[in-house]
Amino acid sequence: MADVLTIQTESGALPVLQSLPPAGTGPGLVVGHGIFGLSPYVRRRCDDLAAAGYVVYAPELYWRLREPLQLNERSEEYVQQGMAAAQRLDWEHAVEDVCDAVAALRGAAELSGRVGLLGYGLGGGLAFAAATRCRPDALVSYYGSALPSLTALAGQVTCPQLHVWGDADTQVDTPTQELVRRTLETASRGPVVWRTFAGAGHAFDNPHPWFHHAPASDQAWEAVLDFLATYLD
């Protein structure tokens, strides 16, 4: 089960969801949520990662918004609601929040090992950008929607990277994915692992029926756990 911590930053108190592994200690992961915030899906994935042995911190990246985040998964406007929330997010502050969470995790008593970053969609791009500053030991980006605009930063990412995509993604299409892949493989200073799953669209790991692709989700999860075990354990 997760607890909510607060991290004191220069901007104020950053809420962070903490999920601990059964052993109570382990390597660390900071998770960047997607456009729907710390949704039940993201919370479940944090618990899954904790069950796999990781100390997980998931910062609430929408905490600076003056109006509370109100999303309705049953609404026909659910995606639009998430996109509207993401448009209100200050990118620079969000990257700082991810880095502050990394710094806090590195100082946590429960940490016994390395620290990685993992992000979904919006969070996948934020994790990539944060990796240029806080130097994690590994990076996992699920369909990082901002990556096409971040490739100039590739040379500043020094850790191993795993990028997870679907070949039916209409938000970041296959030609764009290939361009990003080639750029990262050429410019990054650490190994780049690129996994593409057939028939999967954007956000395919999300169990919402609009997005979910069960075979791709299962296969990607195994690839993620193998990658994390290689570089964090």
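Which residue in strand 4 is the bridge partner of Gln18? The partner is Tyr57. This pairing belongs to a predicted model, in which local features need pLDDT of at least 70, side-chain atom pairs count only at pLDDT 80 or more, and totals for chains, interfaces and linings use all residues. Residues are numbered from 1 along each chain as its sequence is written, and side-chain values use heavy atoms, with hydrogens and water left out.

Helices (H or I, at least four residues) and strands (E, at least two) are DSSP runs, numbered from the N terminus. Eight strands form an open sheet with mixed pairing, in the order 1-2-4-3-5-6-7-8. Two strands pair if DSSP finds at least two bridges between them. Strand 1 (2–9) and strand 8 are the edge strands; each has a single partner strand, so one side of each lacks a neighbour in the sheet. From one strand to the next, the twist averages 25°. Axes are lines fitted to C-alpha atoms, for helices over the stretch in contact, and angles run from 0 to 180 degrees between N-to-C directions.

Strands of a sheet pair through backbone hydrogen bonds, either parallel or antiparallel. Strands 1 and 2 run antiparallel and are joined by eight bridges. A hairpin of two residues connects them. Leu5 has Val16 in strand 2 as its bridge partner. Val16 also stands opposite Pro59 in strand 4. Strand 2 and strand 4 run antiparallel, with four bridges between them. Strand 3 and strand 4, by contrast, run parallel and share three bridges. There, Leu29 is paired with Val56 of strand 4.

Strand 4 is mostly covered, with five of its five residues buried. Buried means under 20% relative accessible area, exposed over 50%, and partly exposed in between (1.4 Å probe, protein chains only). In a regular strand the side chains alternate between the two faces of the sheet. In strand 4 both faces are covered: Val55, Tyr57 and Pro59 are buried on one side, and Val56 and Ala58 on the other.

At the edge of the sheet, Val192 lies in strand 8. Val192 counts as buried because its relative accessibility is 18%. Val192 is 30 residues from Leu162 in sequence, yet their C-alpha atoms are 6.1 Å apart in space. Beyond residues up to four places away in sequence, Val192 touches Gln161, His163, Leu184 and Glu185. Contact here means heavy atoms within 4.5 Å.

Helix 1 (residues 40–51) has twelve residues and should span 16 Å at 1.5 Å a residue; its end C-alpha atoms are 16 Å apart, which agrees. The expected span is 1.5 Å times one less than the number of residues. The buried residues of helix 1 are Tyr41, Val42, Arg45, Cys46, Leu49 and Ala50. Their cover includes strand 2 (12–19), strand 3 (26–32), strand 4 (55–59), strand 5 (111–120) and helix 6 (214–231). Just after helix 1, Gly53 takes a positive phi of about 115°.

Helix 6 also agrees with its expected span: its 18 residues should cover 26 Å, and the end C-alpha atoms are 26 Å apart. Its buried residues are Ala216, Ser217, Ala220, Trp221, Ala223, Val224, Phe227 and Leu228. These pack against helix 1 and strands 3, 5, 6 (138–142), 7 (161–166) and 8 (192–197).

The largest nonpolar core has 78 residues, and those with the most contacts inside it are Val31, Leu117, Leu118, Tyr142 and Leu228. Helix 4 supplies the largest share of this core, eight residues. A nonpolar core is a set of buried Ala, Val, Leu, Ile, Met, Phe, Trp, Tyr and Cys residues joined through side-chain atoms within 4.5 Å. Leaving out residues up to four places away in sequence, Tyr142 touches ten residues' worth of surroundings that include Leu118, Val164, Asp205, Ala220, Trp221 and Val224.Thr132 lies in helix 4 (residues 122–134). At 10% relative accessibility, Thr132 counts as buried. Its side chain reaches the backbone oxygen of Ala129 at 2.6 Å. A polar contact is a pair of N or O atoms within 3.5 Å; within protein, one must be able to donate a hydrogen and the other to accept it, and residues adjacent in sequence count only if both atoms are side-chain atoms. Aside from neighbours within four places in sequence, Thr132 is in contact with Leu153, Gln156 and Val157.
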